[in-house]
Amino acid sequence: MAQDIPGQGGTGADQGANMMRKLLAEMISYSRGEIPVDLSLTNGKLVNTLSGEVYETDVAIAKGRVVGLGTYEAHETLDVGGGYICPG
């Protein structure tokens, strides 16, 4: 059974949970547009692989994850020139 060590911030599980909460809060901030994303893929056609629908939209990426669709402030922008974007 894990024990708290004074001055060490709790158990390893507690520290891991706190790190995950902090990461989630940061990802939500990216999604809300409060923080500029790392990369914005613009002028793309997003493929919904479940329905087969295709949407013309921009895709926002932060820390290697898609955090939103639409226009976002970004550190880097890549115009995909009408190309298809799909998960994978």
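Helices and strands, in what follows, are DSSP runs, numbered from the N terminus. With that convention, Ile-35 is found in the loop between helix 1 and strand 1. I shall come back to that residue at the end. The structure before you is a predicted model.

Let me start with the overall layout. The protein chain has one helix and five strands, and along the sequence they follow the pattern α-β-β-β-β-β. The chain has 88 residues, of which 25% count as buried. About 6400 Å² of the protein chain is exposed, and carbon and sulfur atoms supply 54% of that area. Consider next the contacts in the chain with a separation of 6 or more: residues 24 or more positions apart account for 54% of them.

I turn now to the helix. Helix 1 covers residues 12-31, 20 residues in total. From its first C-alpha to its last it reaches 29 Å, close to the 28 Å expected at 1.5 Å a residue.

Which residues of helix 1 are buried? They are Met-27, Ser-29 and Tyr-30. These residues cover an arc of only 155° around the axis, which puts them on the same side of helix 1. As background, an α-helix has 3.6 residues a turn, so residues three or four places apart point the same way. On the other side of helix 1, Ala-13, Arg-21 and Leu-24 are exposed. What do the buried residues of helix 1 pack against? Their partners are strand 1 (37-47), strand 2 (54-62) and strand 3 (65-69). Just after helix 1, Gly-33 takes a positive phi of about 80°.

My next topic is the pairing of charged side chains. Side chains of opposite charge can pair when their charged atoms come close. A search of the whole structure finds two salt bridges. One of them joins Glu-26 and Lys-63, with the closest N and O atoms 3.2 Å apart. Because Glu-26 lies in helix 1 and Lys-63 in the loop between strand 2 and strand 3, this pair ties together parts that are 37 residues apart in sequence. Both partners are partly exposed: Glu-26 has a relative accessible area of 25%, and Lys-63 has one of 46%. In the other salt bridge, the side chains of Arg-32 and Glu-34 meet at 3.9 Å, N to O. Arg-32 counts as exposed, at 61% relative accessibility.

Lys-63 also deserves attention for its backbone. Most residues other than glycine have a negative phi. Phi of Lys-63, however, is near 55°, a positive value in a residue other than glycine. Asn-43 likewise has a positive phi, of about 55°, although it is not a glycine. Asn-43 is found in strand 1 and, at 44% relative accessibility, counts as partly exposed.

Asn-43 leads us to Thr-57, a residue of strand 2. Is Thr-57 buried or exposed? The cut-off for buried is under 20% relative accessible area; at 16% relative accessibility, Thr-57 therefore counts as buried. Which residues does Thr-57 touch, not counting those up to four places away in sequence? They are Leu-41, Asn-43, Gly-44, Leu-46, Leu-69 and Gly-70. With Gly-70 there is also a polar detail to note: the side chain of Thr-57 reaches the backbone nitrogen of Gly-70 at 3.4 Å.

Finally, I return to Ile-35, in the loop between helix 1 and strand 1. Ile-35 is partly exposed, with a relative accessible area of 31%. Leaving aside neighbours within four places in sequence, Ile-35 is in contact with Glu-26, Ser-29 and Tyr-30. Among these contacts, Ser-29 and Tyr-30 belong to the buried residues of helix 1, while Glu-26 is the residue that forms a salt bridge with Lys-63. The C-alpha atoms of Ile-35 and Tyr-72 are separated by 9.2 Å, and the two residues are 37 residues apart along the chain.

To close, I would draw your attention to two places in the model. The first is helix 1, whose buried residues pack against strand 1, strand 2 and strand 3. The second is Lys-63, which pairs with Glu-26 in a salt bridge and has a positive phi near 55°.

Definitions and conventions. Residues are numbered from 1 along each chain as its sequence is written. This is a predicted model: local features need pLDDT of at least 70, side-chain atom pairs count only at pLDDT 80 or more; totals for chains, interfaces and linings use all residues. Side-chain values use heavy atoms; hydrogens and water are left out. Helices (H or I, at least four residues) and strands (E, at least two) are DSSP runs, numbered from the N terminus. Buried means under 20% relative accessible area, exposed over 50%, partly exposed in between (1.4 Å probe, protein chains only). Contact means heavy atoms within 4.5 Å. Accessible areas come from the Shrake-Rupley method with a 1.4 Å probe; for residues, only the protein chains shown count as cover. The expected span of a helix is 1.5 Å times one less than its number of residues. The arc is that of the directions from the helix axis to the C-beta atoms. A polar contact is a pair of N or O atoms within 3.5 Å; within protein, one must be able to donate a hydrogen and the other to accept it, and residues adjacent in sequence count only if both atoms are side-chain atoms. A salt bridge is a side-chain nitrogen of Lys or Arg within 4 Å of a carboxyl oxygen of Asp or Glu.
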